Amino acid sequence: MNYDFSHCMLCPRECGANRQKGAGACRADDKLRVAKTMLHMYEEPPISGTRGSGAIFFGGCNLQCGYCQNAVISQKTCGEIYSVKELADEMLELQFKGAHNINLVTGAHYVPHIADALALIKPQLKIPVVYNSSGYEKPETLKMLNGLIDIYLPDFKYISRDAAQKYSHAPDYPEVAVAAISEMVRQTGGYVERDGLALRGTIIRHLVLPNLSHDGEEIMRIIANKFDGVRVSVMSQYTPDFNSPDFPELNRRITLMEYNRVLQAARRYGLDGFMQYKDSASGVYTPNFDE
Ligand code: SF4
């Protein structure tokens, strides 16, 4: 897929970077960089199953959240350089190792490469392809993936523009995420599961942050009103690993009361989905990128 990386407008940042000469705001240049591949056991149960999800973590990220739990790979130009063919081969290798699915983690800045890799091997993949996203995506870029992704796994992080600006420098995050998730749901249709494993659909994640459970409650209401047939995943696993001195209010785990407020909202609005046990706030859910 031809994309002009000399003036990159792939994601809602629209920073216009010349990625042929250096990295954009996402810290990625025009080379495809893979930071880690693994059989990931700590996604939602229908994604990880019993054998694990075939996760491919890309270097860099277009959102650059101040509290990112994968900061060691997301906030710098890093990872092994892969060709499109090598990315496709890596997917087949994960399938061969028994992965229940291919799980492309935070690849918004590499969508043309991902689309090309999937176009090469999609008929050979007998397992679903999951696109794991920050939710900060452009619908027109997501359209490059139309027909190639079986399951979208987007975050819906904030409804407050102030929080989105403060923690991710993206005050437009709320409306961008709604538009992006709408496109994802349009592509996948309703959620389908067989034998406890996800086959198709969109699972919307919300990581509850300290002092922001009111955002979580409102996000549950919006999901119920706007998106048909989706599942939600309410996550309690926030750990203050990557502390910015600018955000002392985030330097704690969430309380049980904060988590329950969001869960109760999900129930109140009749949403189906997944929750974590409150004691999931542990680094075990964050892959070790130093291995
Ligand atoms: S993908 Fe990266 S370079 Fe392209 S517009 Fe977004 S932040 Fe800028």
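Let's start with Phe156: setting aside neighbours within four places in sequence, this residue is in contact with Tyr173, Ala177, Val178, Ile181, Ile204, Arg205, His206, Ile219, Ile222 and Ile223. Keep in mind that you're looking at a predicted model. Phe156 is also among the residues with the most contacts inside the largest nonpolar core, so the cores come up next, followed by the whole chain and then a serine.

**The nonpolar cores**

- The largest nonpolar core has 39 residues, and Phe156 shares the top group for contacts inside it with Tyr158, Tyr173, Met220 and Ile223.
- Helices α6 (161-168), α7 (173-188), α8 (213-226) and α9 (256-268), plus strand β9 (231-235), each put at least two residues into this core.
- Helix α7 gives the largest share, with six residues.
- There's another core, apart from this one, with 33 residues, including Ile102, Ala108, Tyr110 and Leu125.
- In soluble globular proteins, nonpolar side chains tend to be buried together.

**The chain as a whole**

- If you count up the pieces, the chain has nine helices and 10 strands.
- Its radius of gyration is 18 Å, close to the 19 Å that the globule rule gives for 291 residues, so the chain is as compact as a globular protein of that length.
- Along its principal axes, the C-alpha trace spans about 50 × 45 × 35 Å.
- Of the 291 residues, 56% are buried.
- Take the contacts between residues at least 6 apart in sequence: 71% of them join residues at least 24 apart.

**Surface and charge**

- About 12,100 Å² of the chain is exposed, and carbon and sulfur atoms supply 50% of that area.
- On the charge side, you'll find 31 positive and 34 negative side chains.
- The centres of those two sets lie 1 Å apart.

**A look at Ser48**

- Ser48 sits in helix α1, which covers residues 45-48.
- Is Ser48 buried or exposed? Buried is the cut-off for anything under 20% relative accessible area, and Ser48 counts as buried because its relative accessibility is 2%.
- Which residues does Ser48 touch, once neighbours within four places in sequence are left aside? Ser48 is in contact with His40, Met41, Tyr42, Glu43, Ser53 and His100.
- Ala28 is 20 residues away from Ser48 in sequence, and their C-alpha atoms are 28 Å apart in space.

Methods:
Residues numbered from 1 in each chain as written. Predicted model: local features only at pLDDT ≥ 70, side-chain atom pairs only at ≥ 80, totals over all residues. Heavy atoms only, no water. Helix = DSSP H or I, 4+ residues; strand = E, 2+ residues; numbered from the N terminus. Rg over C-alpha atoms; globule rule 2.2 N^0.38 Å. Buried < 20%, exposed > 50% of the residue type's maximum accessible area, 1.4 Å probe, protein only. Contact = heavy atoms within 4.5 Å. Areas by Shrake-Rupley, 256 points an atom, 1.4 Å probe, with all protein chains shown as cover. Lys, Arg positive; Asp, Glu negative; His and termini not counted. Charge placed at Lys NZ, Arg CZ, Asp CG, Glu CD. Core = buried A, V, L, I, M, F, W, Y, C linked by side-chain atoms within 4.5 Å.
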